[in-house]
Amino acid sequence: MYRFPPVILFFLALVHTAVPSMGEEVYLEPDVFIEECLGASASQEVVWLTKDLKQELADILGRPFKGLRVRYWKNGDSTAWILEEIGKVELITAGFHVTDDSMQRMEVLIYRESHGWEVRYPFFSRQFRGLQLDNKMRLSKNIDGISGATLSVDAITRLSRAALYLHGKVASD
């Protein structure tokens with residue numbers, strides 16, 4: 001077995017510590033997002049996931065949805081959702097504000113990936129304003145992608161569909 005000389009190992013360790021890693025970048029605290037969207041009087045609620053709801057979410061997300069419930073916040077006819085999805089390898093945390101089955105606001109709250117962070121900018125998030133789900137669980141208009149951020153764009157798009165779907169479920173109860 002080949003062994004690296006100690007000087008090379010030292011150099012590699014030095015380079016590794018000098019190169020910053022992309023860690024967790026908090027753009028907006030989730031509780032601040034909730035208050036901005038719904039005000040301080042928003043109540044925290046829970047939607048319990050039945051077998052059918054879990055299957056619908058799995059169809060929307062393209063993967064099994066883990067968990068027994070989803071937490072959301074409500075004020076009148078408006079809801080806010082904090083949802084997470086994997087972009088390429090790390091979770092992206094996004095907030096969604098929905099009123100009358102229409103997306104009012106989408107915001108990337110916490111980003112953990114090394115690429116694709118452009119999804120946090122207003123030019124991207126503005127595309128979600130006014131979106132609704134059609135009867136086939138698709139968004140009412142296409143979302144423009146970002147070169148180099150395809151997986152992040154796809155993750156946010158899936159999450160927005162999930163937020164609109166869940167809002168429809170709790171609004172009809």
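# Exercises on a predicted protein model

Buried residues, meaning those under 20% relative accessible area (exposed is over 50%, partly exposed in between, with a 1.4 Å probe and protein chains only), make up 40% of the 173 residues in the protein. The model is a predicted one, in which local features need pLDDT of at least 70 and side-chain atom pairs count only at pLDDT 80 or more, while totals for chains, interfaces and linings use all residues. Residues are numbered from 1 along each chain as its sequence is written, and side-chain values use heavy atoms, with hydrogens and water left out.

## Exercise 1: the order of the elements

Work out how many helices and strands the protein has, and in what pattern they follow along the sequence.

*Solution.* Begin with the rule for the elements: helices (H or I, at least four residues) and strands (E, at least two) are DSSP runs, numbered from the N terminus. By this rule the secondary structure comes to five helices and six strands. Reading along the sequence then gives the pattern α-β-α-β-α-β-β-β-β-α-α.

## Exercise 2: pairing from β3 to β6

Trace how β3, β4, β5 and β6 are joined, and find the residues that stand opposite each other.

*Solution.* First, note that two strands pair if DSSP finds at least two bridges between them. Strands β3 and β4 run antiparallel and are joined by four bridges, with Asn75 standing opposite Ser78 in β4. These two strands form a hairpin with two residues between them, and Gly76 in the turn has a positive phi of about 65°.

Next, nine bridges join β4 to β5, again antiparallel, and Glu85 stands opposite Ile92 in β5. The hairpin of β4 and β5 has four residues between the strands.

Then, strand β5 (residues 91–99) is joined to β6 by eight bridges, and the two run antiparallel. In their hairpin, which has two residues between the strands, Asp100 takes a positive phi near 50°. Asp101 is also found in the loop between β5 and β6, and has a positive phi of about 60° although it is not a glycine.

Finally, β6 has a further partner in strand β1 (residues 25–26), to which two bridges join it in an antiparallel arrangement. Tyr111 in β6 stands opposite Glu25, and Ile92 also stands opposite Tyr111.

## Exercise 3: the covered strands and Met106

Decide how far β4 and β6 are covered, and then describe the surroundings of Met106.

*Solution.* Start with β4, where seven of the nine residues are buried, so the strand is largely enclosed by the rest of the structure. Strand β6 (residues 102–111) is mostly covered, since eight of its ten residues are buried.

Met106 has its place in β6 and, at 2% relative accessibility, counts as buried. Contact here means heavy atoms within 4.5 Å. Leaving aside its neighbours within four places in sequence, Met106 is in contact with Gly95, Phe96, Val119, Phe124, Ser125, Phe128 and Ile156. The C-alpha atoms of Met106 and Gly95, eleven residues apart along the chain, are separated by 5.7 Å.

## Exercise 4: the buried side of α2

Explain why the buried residues of helix α2 lie on the same side, and name what covers them.

*Solution.* First list the residues: in α2 (residues 30–38), Phe33, Ile34, Cys37 and Leu38 are buried. They cover an arc of only 100° around the axis, which puts them on the same side of α2; the arc is that of the directions from the helix axis to the C-beta atoms. Their cover includes β3 (69–75), β4 (78–86), β5 and β6. Just after the helix, Gly39 takes a positive phi of about 85°.

## Exercise 5: two residues compared with the cut-offs

Determine whether Thr99 and Met137 are buried or partly exposed.

*Solution.* Take Thr99, found in strand β5, which counts as buried at 17% relative accessibility. Leaving aside its neighbours within four places in sequence, Thr99 is in contact with Asp77, Ser78, Gln104 and His167.

Turn next to Met137, whose place is in the loop between α4 (122–125) and α5 (150–172). With a relative accessible area of 24%, Met137 is partly exposed, and it has a positive phi of about 65° although it is not a glycine.
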